[in-house]
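Biologist: Could you take a close look at the salt bridges of this chain, and say which side chains pair and how exposed they are?

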Amino acid sequence: MHCGLCLPVCPTYELTGLEKNSPRGRIRLMKNIMNDSLPVTNAFMEEMYFCLDCQACQTACPAGVRYGELVEAARTLVEKKKFLRLKNFIVRNFVERRSVLRVLAVVIRFYQDSLFERGVLTFLRVFSPMLYGRAKLMPRVSNKFVFRAIPETREPEGDIRGTVAVLTGCVMDVFYADVNRDTIDVLLINSWRVMVPRGQVCCGSLGGHNGDAEYSKRLAKKNIEAFEKSGAEYYVVNSAGCCAFMKRYAEVLSDDPNYSERAQKFSKKVREFSEFVYLTGFKKTQCKVTEPVVYHEPCHLVHTQRISEEPRSIVVEIAGDNFRELNEATWCCGSAGIYNVLRFRDASEILDRKIDNIKKSGARLVITGNPGCLAQIGSGIQKENLGIEVLHPATVLNRLYKKEGAG
Ligand code: SF4
Ligand code: SF4
């Protein structure tokens, strides 16, 4: 196919206007590599990582080309041929080990609470605006991580509709533990028994998106074991990226004789937070958001999982007359895992476009369901001192429940 319908939706093609930086160009390149007409070179690796893996091209493609899987397979090929790259070394050794991640998080929190951070930022602002921009991308580390801080099982008041198990995640629990708490509260208020399986680990998506398939498989197996033990009917995930990957465990482990069937059962139970809350029905509140609200659609929710109507309907419901359409709501914000750190300039240009659209909407609140988007859009808003809040739908819903309860 040479239709090119994917070109106008691709953020990297928009940046350069070059065919080689478009989905169509990359697919041609991958084909040549796969049939051995071209060797795996640094230029190929560069191209595969220039792509954000936002999968907007996948939504646009009339032929149903599953671009996300192609780019991940290409990255796996790169990683096999090249020496295990530093990025994957860090992911393997810091993200996988929850204890190491926590120690690191506590050190970062200590740094963020100290005057030292202010000194470092002032220095960077003057001598290296690029590093300053990168340093500002890091959200504040949460005061209390949820994973160990709450009981493994919590019962709702009154009748119980069933049992759900919640993924607390790695990044989510370090930087957005409050979103985990809000998620659990909303589920309890909606009469679900909530479990936080103790043996759970990172979902494995960071490895999967970066060509480290072995790492992802290992984590997928650990999560299957932990969540199976919970006996829950559904597994609720409040990070769009993690959820998309957990729904793919069935594919990730399809050739593993001991896990393929279990992985299929596992993936069928996974629900993204807003998908779950919307489809099972949630308590409506009389209290509504009192300021103009827009909804930014995370790539791995709208393009990878094709979930748009569910979170949008929740936002429309809680925003009432204050809901506004965000122009290019499905256009990537530039976060894409750690893309915004590794390709700061490109990510900043993509972010500027998102912030412009937010400014034009007149919103005072942006709702979005992915930690990467929360951090990236939050940093853009902070950079321009716009004073606009960026919140997860679980947080907004929980705030309204509390307000109604108090009122
Ligand atoms: S995944 Fe996103 S960045 Fe990559 S080629 Fe497709 S549209 Fe472009
Ligand atoms: S990837 Fe899909 S939309 Fe893009 S050129 Fe190929 S067939 Fe067309």
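Modeller: What follows is a description of the charged pairs, after a note on conventions. This is a predicted model, in which local features need pLDDT of at least 70 and side-chain atom pairs count only at pLDDT 80 or more, while totals for chains, interfaces and linings use all residues. Residues are numbered from 1 along each chain as its sequence is written, chains are lettered from A and ligands numbered from 1 in the order in which they are written, and side-chain values use heavy atoms, with hydrogens and water left out.

Taking a salt bridge as a side-chain nitrogen of Lys or Arg within 4 Å of a carboxyl oxygen of Asp or Glu, the count comes to 20. One of them joins Glu-19 to Arg-24 at 2.9 Å, N to O; with buried meaning under 20% relative accessible area, exposed over 50% and partly exposed in between (1.4 Å probe, protein chains only), Glu-19 is partly exposed because its relative accessibility is 28%, and Arg-24 is partly exposed at 22%. Arg-343 and Asp-346, by contrast, are both buried, and their side chains meet at 3.0 Å, N to O.

A further salt bridge, at 3.3 Å, N to O, pairs Arg-399 with Glu-389. This pair links distant parts of the chain, 10 residues apart, with Arg-399 in helix α24 (residues 393-406) and Glu-389 in strand β8 (residues 389-391), where helices (H or I, at least four residues) and strands (E, at least two) are DSSP runs numbered from the N terminus. Arg-399 is partly exposed at 42%, as is Glu-389 at 31%. Finally, salt bridges that share partners join Arg-66, Glu-69, Glu-72, Arg-248 and Glu-251 into one network.
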